[in-house]
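Let's take a walk through this structure together. Please have the sequence and the 3D view open as you read.

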Amino acid sequence: MDTLLLITTLSIVFQTQVPLVHSYGHDSTCRSYCGNITLDYPFSLQSGCGHPGFQDLLFCINDVLMFHIISGSYRVLDIDYAYQSLTLHDPHLSTCDSIVLGGLGNGFVVEQSRASYLNPTSDNVFMLIGCSVSSPLFRGFPGKHLPCRNVSGMGCEEYYECPAWNTIGFRRVGSAYGSGLPECCAVPFEVMKDVNLSKLDCQGYSSAYSLAPLRASGPGQWEYGIRVKYSVQGNGDFCQVCEATGGSCGNARFLAWLAP
């Protein structure tokens, strides 16, 4: 005779950092979808599922998956579970066809509690546009602009070739890394840690990432967006194996029905 086992927090109390694992022999009840994107561990839209470090990070609004951190909200274009990365879109992100000024862009600033496991990938370049002479980017490096550099073969020298520059009237001053104040300064995230347009005193930004080993032929072929690398603290591998075999991984209060 099947036995119905009801587990509640009235009888057993678990720390939220300890993953709860249960197997049903069919598709995981913690797996969910938003539009055409599948959400698996460590992410979840349901209370008690996923990893506690990723709670209140993703939201599904009218079949559009949104990623929210202190710098703002971004649309999630893709989650790559094999590479452990998310691809994000900021509507005020400049591209090769359009440059957005006015300091409207989100940039990228993550909570300190998540900074150790949620950051843009090392091959993601941030190109800061229209920064003032008093910007922290140039403070201490007069005439040299040492923070500006190419990242994975992408940088401002190439970005200047985009047609969007012709529409906003920016006057190019020599080399992107030469004398004079550049209209664009390309930096990897690890140099700045926070890409905050207000604090950096910049008018806009672009972000592109490399899909190694492929190399785009020019800025018109770059992948524009923010590619964020995540890592799972604790028993992430154990939970991935559990879900691959039809189980569920959660982190807090749950109800489980088990049959012998």
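The report below looks at a sheet, a loop residue and some aromatic contacts. Please keep in mind that this is a predicted model.

**The sheet around β9**

A good place to start is an open sheet of 4 strands, ordered β10-β9-β11-β12, with antiparallel pairing. At its edges stand β10 and β12, each with a single partner strand, so one side of each is left without a neighbour in the sheet. As general background, strands of a sheet pair through backbone hydrogen bonds, either parallel or antiparallel.

The pairings within this sheet can be set side by side:

| Strand pair | Bridges | Direction |
|---|---|---|
| β9 and β11 (residues 204-209) | 6 bridges | antiparallel |
| β9 and β10 (residues 184-188) | 5 bridges | antiparallel |
| β11 and β12 | 2 bridges | antiparallel |

How many residues of strand β9 are buried? The count is 6 of the 6 residues in 124-129, so β9 is largely enclosed by the rest of the structure. In a regular strand the side chains alternate between the two faces of the sheet. Here N124, F126 and L128 point one way from β9, while V125, M127 and I129 point the other way, and all are buried.

L128 is a handy residue for following the pairing on both sides. Its bridge partner in β11 is Y205, and in β10 the bridge partner of L128 is C185. Further along the sheet, Y209 stands opposite E223 in β12.

**A loop asparagine**

From L128 we can step across to N196. These two residues are 68 apart in sequence and 10.0 Å apart in space, C-alpha to C-alpha. N196 belongs to the loop between α2 (189-192) and α3 (197-200). Is N196 buried or partly exposed? With a relative accessible area of 23%, N196 is partly exposed; the cut-off for buried is under 20%.

The side chain of N196 makes two contacts worth a look in the viewer. One reaches the backbone nitrogen of S198 at 3.0 Å, and another reaches the backbone nitrogen of K199 at 3.1 Å.

**Aromatic contacts**

The structure holds 15 aromatic pairs. One of them joins F43 and F54 in an edge-to-face arrangement, with 5.2 Å centre to centre and 80° between the planes. F43 and F54 both lie in the loop between β3 (37-39) and β4 (58-61), so the pair ties together parts that are 11 residues apart in sequence. F43 is buried, with a relative accessible area of 1%, and F54 also counts as buried, at 2% relative accessibility.

Another pair is formed by Y159 and Y224: the ring centres are 6.4 Å apart and the planes are at 45°, so the pair is tilted. Because Y159 lies in helix α1 (residues 156-159) and Y224 in strand β12 (residues 223-224), the pair ties together parts that are 65 residues apart in sequence. Both Y159 and Y224 are buried.

Which residues form one aromatic cluster? They are F67, Y74, F108, F126, F189 and Y205. Two of these names will be familiar from the sheet: F126 is among the buried residues of β9, and Y205 is the bridge partner of L128 in β11.

One last contact involves a charge and a ring. The charged end of K229 sits over the ring of Y83, 4.0 Å from its centre.

Key. Residues numbered from 1 in each chain as written. Predicted model: local features only at pLDDT ≥ 70, side-chain atom pairs only at ≥ 80, totals over all residues. Heavy atoms only, no water. Buried < 20%, exposed > 50% of the residue type's maximum accessible area, 1.4 Å probe, protein only. Polar contact = N/O pair within 3.5 Å; in protein donor to acceptor, adjacent residues only side chain to side chain. Pairing = 2+ DSSP bridges. Phe/Tyr/Trp six-rings, centres within 6.5 Å; stacked < 30°, edge-to-face > 60°. Lys NZ or Arg CZ within 6 Å of the ring centre and 35° of its normal.
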